[in-house]
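Me: I am new to this structure and would like to understand the reasons behind the terms used for it. Could you take my questions in turn?

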Amino acid sequence: MKWSIHQLSKYRHTGMPIDTVVELDDVKKRNSDIREISPVHIKGHCTIGNSQMTCHLNLTATLTLPCARTWENVEFPIEVDTVEVFNWADPELRGNDDEDIHYTDGEVIDLTPVLEELILLEIPMQVFKEGTEGTIKGGKDWSYYTDEELSQQNDEPKVDPRLAGLAKFFDQKDE
C-alpha cells in the first residue's frame with residue numbers, strides 16, 4: 001500500500017477512507033513461526049494535512065502458528081486498532097525524533113512495513129491447540145508431567161533400587 005504525497009493532496013479536505021484487503025506474505029520471512037497468513041483486511045480513515053497524515057486503522061487477519069505442545073497448525077485470529085502518523089516535513093523542521101511518527105524522506109508513503117510490524121507485535125509467545133493438554137506423555141529419554149502428576153509422584157516414597165533387597169528385610173516378620 002503506497003501513496004504518493006501528490007496523490008494524497010486530493011484528500012486534504014475530505015480525508016481518505018480505507019477499506020481494502022492486502023496480501024502480506026512477506027511477514028512470514030520476518031518471523032519463521034508464521035506458517036500462513038490470511039489476507040489482511042484494513043479498514044479506517046486518514047486525515048491529511050500540509051506535511052502529515054494521520055491514519056486510524058483496524059486490521060483483521062488470521063495467522064497460522066505452531067502449537068507449542070504438538071507442533072500442529074493453530075489458527076490465531078488477530079485484530080489490531082491503531083493510529084499511525086506519517087510525516088514528510090523537511091528533516092530540519094522535524095524537531096526531536098518521536099518514535100510514534102513515521103518520517104518519510106521521499107515522495108511516497110509506504111504503509112506495508114508498518115502493517116507488518118503491527119502483525120509481528122501480535123504474535124504470542126506460545127499458542128496451544130485445543131484438546132492437546134495431557135495428550136503427550138513423553139518420548140525417547142524424556143517425559144511430560146502436569147504439576148499434579150509430579151506432586152503425586154513426589155509424595156510416594158521411592159526406594160533406591162540398590163537398597164530394594166534391604167527394604168524387603170524389614171517387611172519380613174521376625175520368626
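Me: What makes the disulfide of C46 and C55 right-handed?
Reply: In this predicted model, the torsion about the S-S bond of C46 and C55 is about 110°, so the disulfide is called right-handed.

Me: How do you know that C46 and C55 are joined by a disulfide?
Reply: A disulfide is a covalent bond between the sulfur atoms of two cysteines. The S to S distance from C46 to C55 is 2.2 Å, and because the cut-off is within 2.5 Å, the pair counts as a disulfide. The structure holds one disulfide.

Me: Are these cysteines buried or exposed, and what is the reason for the word?
Reply: C46 has a relative accessibility of 0%, and C55 has 0% as well; because buried means under 20%, each of them is called buried. C67, at 0% relative accessibility, also counts as buried.

Me: What makes β4 a partner of strands β2 and β5?
Reply: Two strands pair if at least two bridges are found between them. Seven bridges join strand β2 (residues 16-22) to strand β4 (residues 40-48), and eight bridges join β4 to strand β5 (residues 52-66), so both pairs satisfy the rule. The strands β2 and β4 run antiparallel, and so do β4 and β5. As examples of facing residues, V21 has H41 in β4 as its bridge partner, while K43 stands opposite N58 in β5. A hairpin of three residues joins β4 to β5.

Me: Why is the pair of R30 and E116 called a salt bridge?
Reply: Side chains of opposite charge can pair when their charged atoms come close. The closest N and O atoms of R30 and E116 are 2.9 Å apart, and because the cut-off is within 4 Å, the pair is a salt bridge. R30 lies in helix α2 (residues 27-30) and E116 in helix α3 (residues 112-121), so the pair ties together parts that are 86 residues apart in sequence.

Me: What is linked with R30 and E116 in a network of salt bridges?
Reply: The network links R30, E116 and E117, and the side chains of E117 and R30 meet in a salt bridge at 2.1 Å, N to O. This pair links distant parts of the chain, with E117 in helix α3 and R30 in helix α2, 87 residues apart.

Me: How do you know which of these three residues is buried?
Reply: E116 has a relative accessibility of 8%, and because buried means under 20%, the word applies to E116. R30 has a relative accessible area of 40% and E117 a relative accessibility of 37%, so each falls between the limits of 20% and 50% and is called partly exposed.

Me: Why does the pair of K28 and E36 count as a salt bridge?
Reply: The closest N and O atoms of K28 and E36 are 3.7 Å apart, so the pair meets the cut-off of within 4 Å. K28, at 26% relative accessibility, counts as partly exposed, and so does E36, at 43%. By this rule the count comes to five salt bridges.

Me: What makes F170 exposed?
Reply: F170 has a relative accessible area of 64%, and because exposed means over 50%, the word fits F170. Its place is in helix α5 (residues 164-171). Together with V159, L163, L166 and F169, F170 makes a nonpolar surface patch of about 560 Å².

Technical notes:
Residues numbered from 1 in each chain as written. Predicted model: local features only at pLDDT ≥ 70, side-chain atom pairs only at ≥ 80, totals over all residues. Heavy atoms only, no water. Patch = residues over 30% accessible without salt bridge, like charges linked within 9 Å, V, L, I, M, F, W, Y side chains within 5 Å. Areas by Shrake-Rupley, 256 points an atom, 1.4 Å probe, with all protein chains shown as cover. Helix = DSSP H or I, 4+ residues; strand = E, 2+ residues; numbered from the N terminus. Buried < 20%, exposed > 50% of the residue type's maximum accessible area, 1.4 Å probe, protein only.
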